[in-house]
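Hi,

Here is the structure I promised to pass on. Have a look at it first, and then read on for my notes.

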Amino acid sequence: MEPSPAQASPLMRFGLAMLCMAAFLALPGIADKGIVFLAGTVALQMVFGLTWNLMFGQTGLVSFGHASFFAVGGYAYAYAARALPQVHPLLTFAGAGLLCAAIAALVGLIALRRSQGVYFAILTLALSQIVYLVISSSAALGREDGFTGIRRPKLPLGWTTIDLAAGNAYYYFIVVVSALLAGIVWWVTHSRVGRVFRAIQQDPERAAFLGIPVQRYRLMSYAIASGVAGVTGALFGPWLQILTPEVAHWTASARPILYTLLGGVHFFWGPAVGALGFAVLEYGTRTLHGISEIVTGAILLAVVLAAPGGILGAVARLRQRITGKERRP
Amino acid sequence: MSTPLLEATGLFKSYPAVKVLKNVNLTVAGGDTFAIIGPNGAGKTTLFKVLSGELFPDSGQVAHEGRDVTTVPAWQRVRLGFGRSFQVARVFSDLTTEDNVVVSVEAHRRNAGLGQRRPLAWAPTAEVREGVMETLREVGLVDKRRVVARLLSHGDKKRLELAMCLALQPKILMLDEPTAGMSPADRKSATELLAMVKERHGMTIVLTEHDMDVVFGLATKVAVLHYGEIVAQGAPDAVRKDPLVRDIYLGHGGAGAGHA
Amino acid sequence: MLSSIAGPLFNGLFAAMVVFLFASGLTLVFGILRVLNFAHGGLFMIGAYLAFTLSGVTGGSEMGVLRYVLLCALAGVGLGILGWLVERSIFRPLQKVDEAYSLIATYALLLICEGAVKAIWGVNFRSVPTPPLLADAWIAGDVVMPVYAVFVIAVGVAFYAALEWMLHHTQTGKLMKSVASDPWMAGKLGVNVPRLYAWIVIAGFFLAGVVGGLLLPNQTLSPNLANAFVVQAFGALIVGGMGNVRGTFLAAILLSVIDSFGSLYFPEIPGLFFYVAMAIMLVVRPQGLMAGGSL
């Protein structure tokens, strides 16, 4: 993101991100198991949301099928970890992500050339339904019952081996890897490639007239986002220790969209903030039958109608009001 | 002049109801500032788009340095050295002025095969920043480099778009109505800017324009388009004196100035 | 030999009409307001639940066809009123925001529908028997045709014919077409565009309610019903050509019949071929079956 005047300075934002990570790391010391479990899931969803916004907010691609990559990554890891237990788990995680990136590159090669905007969105929706149906009826993946007994692996690091099944080890592993993945997305966003993505998002034709190969960069964005999403899916399997086809359902693909809108599409950390806000919302209303959806829906509506900048947009406006008008360009 | 830089022969283009271009032939030599003028609806924009590669003609040929580029799409022509500005300036409105040019410089460097020395660094390299500052200085936008482009004035957006084109170091600069919608003062300074740019870089310019002061202030060659046909082509003075042109075109606008 | 074609064809047509009926209201709203309404499934579900409740209120376990049709109409009216409220409070303000945001808003509305159903009717499964007159089946050779399925196909074709007639042969239809192709120009020519938008939303909701009632005997009622047909309906809508009624009708038939035959040869994954065909169509013919004219 550009350091527009209403935003905090880069240093401050980096500090906030570190603070957030520290809070995640400190959590097991102060909260019960249920909360820690939720926090691990949220950490992965935060990154998952960031990857969706790499496509949407940065490159202008709307995907309705992002969860299919989460699912493919998850199932691919679970399957590979069982079939090839001798492979280093880090390689298996990375492999799941690479598989997703490769699939996205292949799909995008055809899909992005032929379709844009709502067509691309609906096409990804169709493809995600195919993934959902294939998983639901594949015996090797456990059909509707799910892929059960996904183990948290032992992590050989050369000088020592960490047993991720012990205590909160896997939770810490998730937090650290999530931070790493968020870092990758951050780097892509702020690099030369990210600048090109933003240019394409704002005016693809103008970008083409600068000699930018628009389709190639769109494909790159789609593949990177899908690859990283695949790794978050891969991490999720051992966390829950079971994967059901629900992770590939189109309603799961709606999640990152909701995170992004709730947090603020124009902000890099928007989807992460949105995922966090969403989790708080759901946790707060979890015991109320039906009310939970109504409250969530109503808040989303309010965001869209009254605060289209999302949570971070509202914060930025507030900062602007406090710091006064002289910082306006 | 041996091979003309840009040559159009026998261009025809029709839309369902109307023939827009009827056997258009023109020759742009290297170093020319070539202005396409004509009354509204004469087919200027269509001709411009055919030359830039946004539209393909129904028949006829567009050649660049002797090579047939008739069906080479616009974005590929950029690599041949075409730079294009739009009638309503198109800039990346949510990026800062500076970043608009950064994207352009980086796109040019990438296409020219000038790699980044540190591929992992996210900030623009020193060379890129240097190029950006030089271009911004040239169009006079250094002070506004941190302003988000959306907030720039109309004239400044045009300047920024010109900067983005210059960053590509084009051999042919294609300008569609470079002073459209400007106040007379802005128009004058834009004309001066273009003259200066031309003098410094010596590239060829192809432009369409309404304003005759701009045209006769800049052009070394003028083509007059009337109902899809070129009725006169040549040096500005010759075209200005052409009785046919005076009759069908300049005659209505009075004294050859102002809007046609 | 004939039955090996007629059977799947019949099943395909039945499925197609279910998708088309579901998509009919969606198509109207998308064709004119350009809002892809995720909430349509939620509205459909509420229509079904409403019809279910009304069938209890009006008493008697014996469900006559006339009473059944009346229930559907009532569910439609109920949803229509809801549509009026939603248009006022949500859809109208949405005209000003970006397309992507309106999509999220309709998704939020879907969540609210789901929540409302859970809060009002609970999460238990419920079902309604098919009206006795429709519960029979006709048998032609090897093909078994449930009367209810024949009824749904007939209603689907009738709805389609009615929509086509209204669009092409009535004053209202001409207004709708003019607004769909250029709302600004239509407004300049004296069409009350906001009022037309409001009526379209009401009509879309009404259709969702009616169809919810109509398909009630075929469905198990649960809060998941909202998600049942949305994706297929979107597929028919887009493959048909962006809110073109005829296109949606043809696309629903094309995709469903392909799926029906596909399932015959590849029964392991029911429903797969619908999406495969949809993806292929989107890639091969991204402008849709009926490109060009809207509605």
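In what order do the strands of the open sheet of 4 strands in chain B run? The order is S2-S1-S4-S5, and the pairing is antiparallel. At the edges of that sheet sit strand S2 (19–28) and strand S5 (67–68) of chain B, each of which pairs on one side only. Further in, strand S1 (residues 6–14) of chain B and strand S4 (residues 59–64) of chain B are joined in the antiparallel sense over 5 bridges. If you want one pair to click on, try B:Thr9, whose bridge partner in S4(B) is B:Gln61.

Before you go further, please keep in mind that this is a predicted model.

Chain B as a whole

Chain B is built from 9 helices and 10 strands. Its radius of gyration is 19 Å, close to the 18 Å that the globule rule gives for 260 residues, so chain B is as compact as a globular protein of that length. The C-alpha trace of chain B spans about 60 × 40 × 40 Å along its principal axes. Of its 260 residues, 43% count as buried. As for contacts in chain B between residues at least 6 apart in sequence, 67% of them join residues at least 24 apart.

The domain assignment splits chain B into domain 1 (1–81 + 170–260) and domain 2 (95–168). The centres of these two domains of chain B, taken over C-alpha atoms, are separated by 27 Å. Where they meet, 11 residues of domain 1 of chain B are in contact with 9 residues of domain 2 of chain B. On the domain 1 side, H2 and H6 of chain B are the elements that give two or more residues, and H6(B) gives the most, with 4 residues. By class, that side of domain 1 of chain B has 8 nonpolar, 1 polar and 2 charged residues.

A helix to look at

Helix H5 (residues 154–167) of chain B is a good place to stop. Does its length fit what a helix should have, or is it off? What span should its 14 residues have at 1.5 Å a residue? They should span 20 Å, and the end C-alpha atoms of H5(B) are 20 Å apart, which agrees.

How many of the 14 residues of H5(B) are buried? The count is 12, so to speak of H5(B) as mostly covered is fair. Among the buried residues of H5(B) are B:Asp156, B:Lys157, B:Leu160, B:Met164 and B:Ala167. The buried residues of H5(B) pack against strand S6 (82–85), H3, helix H4 (126–139), strand S7 (172–176) and helix H6 (184–201) of chain B. After H5(B) comes B:Gln169, whose phi is positive, near 50°.

Where the chains meet

Chain B touches chain A through 26 residues, which are in contact with 19 residues of chain A. On the chain B side, helix H2 (74–79) and helix H3 (97–111) are the elements that give two or more residues. The largest share of that side, 8 residues, comes from H3(B). By class, the side of chain B that touches chain A has 14 nonpolar, 6 polar and 6 charged residues.

Chain A also touches chain C, and this contact takes 37 residues from chain A and 35 residues from chain C. The elements of chain A that give two or more residues here are helix H4 (89–114), helix H5 (117–136), helix H10 (250–263) and helix H12 (291–306). By class, the side of chain A that touches chain C has 26 nonpolar, 9 polar and 2 charged residues.

Chain C

Chain C has 12 helices and 2 strands. Read along the sequence, its pattern is α-α-α-α-α-β-β-α-α-α-α-α-α-α. A compact globule of 295 residues would have a radius of gyration near 19 Å, and chain C, with 19 Å, agrees. The C-alpha trace of chain C spans about 60 × 50 × 35 Å along its principal axes. Buried residues make up 54% of the 295 residues in chain C. Of the contacts in chain C with a separation of 6 or more, 78% are between residues 24 or more positions apart.

That is what I have for now. Happy browsing!

Technical notes
Residues are numbered from 1 along each chain as its sequence is written. Chains are lettered from A and ligands numbered from 1 in the order in which they are written. This is a predicted model: local features need pLDDT of at least 70, side-chain atom pairs count only at pLDDT 80 or more; totals for chains, interfaces and linings use all residues. Two residues are in contact if their C-beta atoms, placed from the backbone, lie within 7 Å. Ala, Val, Leu, Ile, Met, Phe, Trp, Tyr, Cys and Pro count as nonpolar, Asp, Glu, Lys and Arg as charged, and the others, Gly among them, as polar. The expected span of a helix is 1.5 Å times one less than its number of residues. A residue is buried if 20 or more other C-beta atoms lie within 10 Å of its own, exposed if 12 or fewer, and partly exposed in between; C-beta atoms are placed from the backbone. The radius of gyration is taken over C-alpha atoms; the globule rule is 2.2 Å times the number of residues to the power 0.38. Domain bounds come from an automatic or database domain assignment. Two strands pair if DSSP finds at least two bridges between them.
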